[in-house]
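Welcome, and thank you for taking a look at this structure. Please have the sequence and the 3D view open side by side as you read the notes that follow.

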Amino acid sequence: MLAACVLLALATCAPAAHPLVAEVLYDAAGDDSGFEFVELYNPTAAALSLAGARLEAGDGSAAGRWTTRWTGNAGDSVPPRGRFVVGGARVVPAPDATATLELQNGPDAVRLSWPDGAVEVVGWGAHEFAEYACGPPAPDVAPGMALARVPDDADLGANALDFRAATPSPGRANQPS
């Protein structure tokens, strides 16, 4: 039992030296079109580039169903201790990058894949396939609620431990550490 606790304490879901997925709105109240977003947070004291990073949507109904929704350009970066929002045209305030995300309501996931091979997966709902979450997945939240990392830089080794339902707050802190 102690060994399992130590291993869980050492586990990490977010790759070092990369921004974290901080918040996901995948099921807006009513029509989702243009309201969905993924917020990235930079917990470091230096800007972090998003060049070549791929934001992918995962369809948890079968293995290997990932679709790229956005790819970072050379000029995209997350400022020190700042945020970068990828989202639809109806997100307020306006996202840093506009993309049609078409995220599903669960059990599903988003994945950030980096040019250096690092990957972060955030999954919600009860999954059959381990590839759609890091550790136990976060709960599926009600329409109109976001799935938020609390505190903003939490990385306890499982989506279920790091994320909870919250009022959507694109571009703003969920809860500082």
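A good place to begin is W124, which is buried, with a relative accessible area of 0%. Please keep in mind that the model is a predicted one. From W124, this briefing moves to the other aromatic rings, then to the chain as a whole, and ends with two buried residues, D162 and A53.

**W124 and its partner**

- W124 sits in strand β10, which covers residues 119–124.
- Its ring pairs with the ring of Y26: the centres are 4.2 Å apart and the planes meet at 10°, so this pair counts as stacked.
- Y26 belongs to the loop between β1 (20–25) and β2 (37–41), and the two partners are 98 residues apart, so the pair links distant parts of the chain.
- Like W124, which has 0% relative accessible area, Y26 is buried, with a relative accessibility of 0%.

**Other aromatic rings**

- How many aromatic pairs does a search of the whole structure find? The search finds 4.
- A pair of aromatic rings is described by the distance of the centres and the angle of the planes.
- For F129 and Y132, the ring centres are 6.4 Å apart and the planes stand at 75°, which makes this pair edge-to-face, because an angle over 60 degrees counts as such.
- F129 is partly exposed at 26% relative accessibility, whereas Y132 is buried at 0%.
- F129 and Y132 also join W66 in one aromatic cluster.

**The chain as a whole**

- The chain has 2 helices and 12 strands.
- Along the sequence, the elements follow the pattern α-β-β-β-β-β-β-β-β-β-β-β-α-β.
- A compact globule of 177 residues would have a radius of gyration near 16 Å, and the 15 Å of this chain agrees with that.
- Taken along the principal axes, the box filled by the C-alpha atoms is roughly 50 × 35 × 30 Å.
- Of the 177 residues, 48% count as buried.
- Among contacts between residues at least 6 apart in sequence, 60% join residues at least 24 apart.

**Surface and charges**

- About 8000 Å² of the chain is exposed, and carbon and sulfur atoms supply 58% of that area.
- The chain carries 10 positive and 21 negative charges.
- How far apart are the mean positions of the positive and negative charges? They are 3 Å apart.

**D162, in a helix**

- D162 is found in helix α2, which spans residues 159–162.
- Is D162 buried or exposed? D162 is buried, because its relative accessibility is 1% and the cut-off for buried is under 20%.
- Leaving aside neighbours within four places in sequence, D162 is in contact with A148, R149, V150, A154, D155, L156 and G157.

**A53, in a loop**

- A53 lies in the loop that runs between β3 (48–49) and β4 (54–59).
- With a relative accessibility of 0%, A53 counts as buried.
- Apart from neighbours within four places in sequence, the residues in contact with A53 are W70, T71, G72, S113, W114 and P115.
- R65 is 12 residues from A53 along the chain, and their C-alpha atoms are separated by 18 Å.

Notes:
Residues numbered from 1 in each chain as written. Predicted model: local features only at pLDDT ≥ 70, side-chain atom pairs only at ≥ 80, totals over all residues. Heavy atoms only, no water. Helix = DSSP H or I, 4+ residues; strand = E, 2+ residues; numbered from the N terminus. Rg over C-alpha atoms; globule rule 2.2 N^0.38 Å. Buried < 20%, exposed > 50% of the residue type's maximum accessible area, 1.4 Å probe, protein only. Contact = heavy atoms within 4.5 Å. Areas by Shrake-Rupley, 256 points an atom, 1.4 Å probe, with all protein chains shown as cover. Lys, Arg positive; Asp, Glu negative; His and termini not counted. Charge placed at Lys NZ, Arg CZ, Asp CG, Glu CD. Phe/Tyr/Trp six-rings, centres within 6.5 Å; stacked < 30°, edge-to-face > 60°.
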